[in-house]
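Please look over the sequence and the structure shown below before reading on. The briefing that follows goes through a few topics in turn, from the chain as a whole to particular places in it.

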Amino acid sequence: MTSATPTPPDIPHGRGWRLLIRGLGVLAIVMATVFDLGTTGVLIDDLYLVGGGMAPAWIGTTLVLAMGALLVVRYRYPVVALLGVAGISIGLTLVLEYAQPIFCLLVAIHAAARRGGPVRWWGSLALGLVQVPLIVRNVAKSFENPDLGNLLSTTTFFAALVFAAWAAATVERYTHYRTTALHDELDVRGERAARAERQRIGRELHDIVAHSVSAMMMQAAGARAMAGSVDRDHPGDQRLETVLRSLGTIESTGAQSMRELHRLLGVLRGDAAAEGTGGGLTLDQESSVQPGLGDLDGLVDLSRSSGLIVEVHRSGDPHQVDQSVGAAAYRVVQESLTNALKHAGHGALVDIYVAWHGAELQIQVRCRGSRDAARTDIPNGGTGLRGLRERVGLVGGRFEAGWAGDEFVGTAVLPTGSAEAPRGSTTREARQP
């Protein structure tokens with residue numbers, strides 16, 4: 001679908017505005033230089049020295065052009081440009097009999113006063129006002145009988161030019177500071193809004209997830225207690241043992257989920273301690289119990305007790321990695337096992353490969369088993385895989401997942417922070433529930 005009024009792609013609005021501003025700046029330099037060539041006497045008169053005699057025209061032309069050249073860098077080096085232009089302008093006014101160079105100085109005053117501290121702001125005005133009486137003196141020489149009215153009007157005119165340039169810079173200065181303050185205020189308000197939204201999300205998660213998980217844990221604990229009483233009446237029944245083991249798994253998994261939920265709620269809320277943990281753990285302490293590579297065995301055992309047939313293959317010589325890398329590896333395996341249990345069901349075959357290759361750790365999970373298409377109650381939005389890609393990408397790794405024949409393969413390559421790691425023999429661990 002095309003727009004009714006398409007914007008030309010070659011000249012964006014922002015770029016055109018910047019080109020206009022630069023063009024006006026170049027025009028200001030050219031006009032100020034031309035005016036000062038005229039007021040110095042290069043274009044309309046000879047250069048008369050104060051003590052008598054004539055000065056070569058090329059000297060005045062060179063000095064005025066030097067002022068124009070300094071104006072080119074007035075925004076990058078405003079103080080240098082102001083001092084250089086003021087020195088040349090005042091020097092020409094003192095040396096030449098009728099010189100009145102002030103226009104380049106006005107441009108330099110504007111450039112210096114629009115930014116910087118109060119010293120630069122007031123100093124630019126002072127340099128401009130120093131030039132005013134010198135110019136009035138040279139203008140008075142052109143009058144046959146200058147009176148007080150002529151002197152006052154001339155002084156007012158040139159002083160007004162200086163104040164106009166300085167006032168224009170002051171307005172721009174105030175606008176810039178006001179805009180900066182507004183941006184800062186918007187950033188603060190945006191951060192407050194984001195914090196409030198995180199707190200709202202945290203409350204929603206707590207109200208929805210925590211309540212449901214707690215209810216499941218309580219139901220599992222009650223059922224396990226009831227099954228235990230039945231087991232005492234019928235000892236040795238394998239079915240009751242299986243039920244007790246499953247209920248215990250549900251209870252322990254729910255407790256772990258609650259701990260991780262409270263830790264995440266603490267991060268969302270930005271609190272110094274996660275509320276509701278009961279132990280008063282700070283966020284740093286909570287992050288220290290983040291699962292890592294050392295917790296893979298427990299995760300595998302839990303999956304086996306849930307009905308998956310899991311085999312773990314390890315190769316290379318493991319070594320210490322950053323906590324974030326270990327957590328990312330754990331989450332890759334956890335999400336892959338969860339997907340296998342949801343979509344392949346009980347009895348699915350899962351192979352986990354943990355391979356250390358120099359400065360990289362490769363985690364690959366291969367699941368084979370028929371996908372149960374009749375299980376339409378299971379959500380399949382792909383958010384878990386997207387979350388894994390983001391998590392692995394945050395630690396500098398890469399993640400890929402997809403079907404390879406009748407197997408679903410997820411592969412994560414994570415940096416270990418080691419330039420070279422020793423190699424070891426390949427080991428294999430195989431268990432079945």
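A residue is called buried when its relative accessible area is under 20%, exposed when that area is over 50%, and partly exposed in between. By that yardstick, 34% of the 433 residues of the protein chain count as buried, and the reader should keep in mind that the model is a predicted one.

**The chain as a whole**

- The protein chain is built with eleven helices and eight strands.
- Among the contacts that join residues at least 6 apart in sequence, 70% are between residues at least 24 apart.
- The surface that the protein chain exposes comes to about 25,100 Å², and 60% of this area is supplied by carbon and sulfur atoms.

**A nonpolar patch on the surface**

- A nonpolar surface patch of about 1,200 Å² is made by Trp17, Leu20, Ile21, Leu24, Val26, Leu27, Val30, Met31, Val34, Phe35, Leu43 and Ile44.
- One of these patch residues, Ile44, is placed in the loop that runs between α1 (13–40) and β1 (47–48).
- Ile44 counts as exposed because its relative accessibility is 68%, and the cut-off for that label is over 50%.

**A buried glycine in helix α2**

- Gly60 belongs to helix α2, which covers residues 57–72, and Gly60 counts as buried because its relative accessibility is 2%, where the cut-off is under 20%.
- When its neighbours within four places in sequence are left aside, Gly60 is in contact with Val42 and Leu47.
- Gly41 and Gly60 are separated by 19 residues in sequence, while the distance between them in space, taken from C-alpha to C-alpha, is 8.2 Å.

**The enclosed space**

- How many cavities of 30 Å³ or more does the structure hold? There is one cavity of that volume or more, and the space in the largest cavity is about 30 Å³.
- The lining of the largest cavity is formed by Leu296, Asp297, Val300, Val312, Arg314, Ile352 and Val354.
- Two or more residues of that lining come from each of the elements α9 (296–305), β3 (309–315) and β4 (349–357), and the largest share, three residues, is given by α9.

How values were computed: Residues numbered from 1 in each chain as written. Predicted model: local features only at pLDDT ≥ 70, side-chain atom pairs only at ≥ 80, totals over all residues. Heavy atoms only, no water. Patch = residues over 30% accessible without salt bridge, like charges linked within 9 Å, V, L, I, M, F, W, Y side chains within 5 Å. Areas by Shrake-Rupley, 256 points an atom, 1.4 Å probe, with all protein chains shown as cover. Salt bridge = Lys/Arg side-chain N within 4 Å of Asp/Glu carboxyl O. Helix = DSSP H or I, 4+ residues; strand = E, 2+ residues; numbered from the N terminus. Buried < 20%, exposed > 50% of the residue type's maximum accessible area, 1.4 Å probe, protein only. Contact = heavy atoms within 4.5 Å. 1 Å grid on protein atoms, 1.4 Å probe; cavity = no way out; pocket = protein on both sides within 12 Å on 5 of 7 lines; lining within 4 Å. Points joined across faces, edges and corners; volume = space filled by probe spheres on them.
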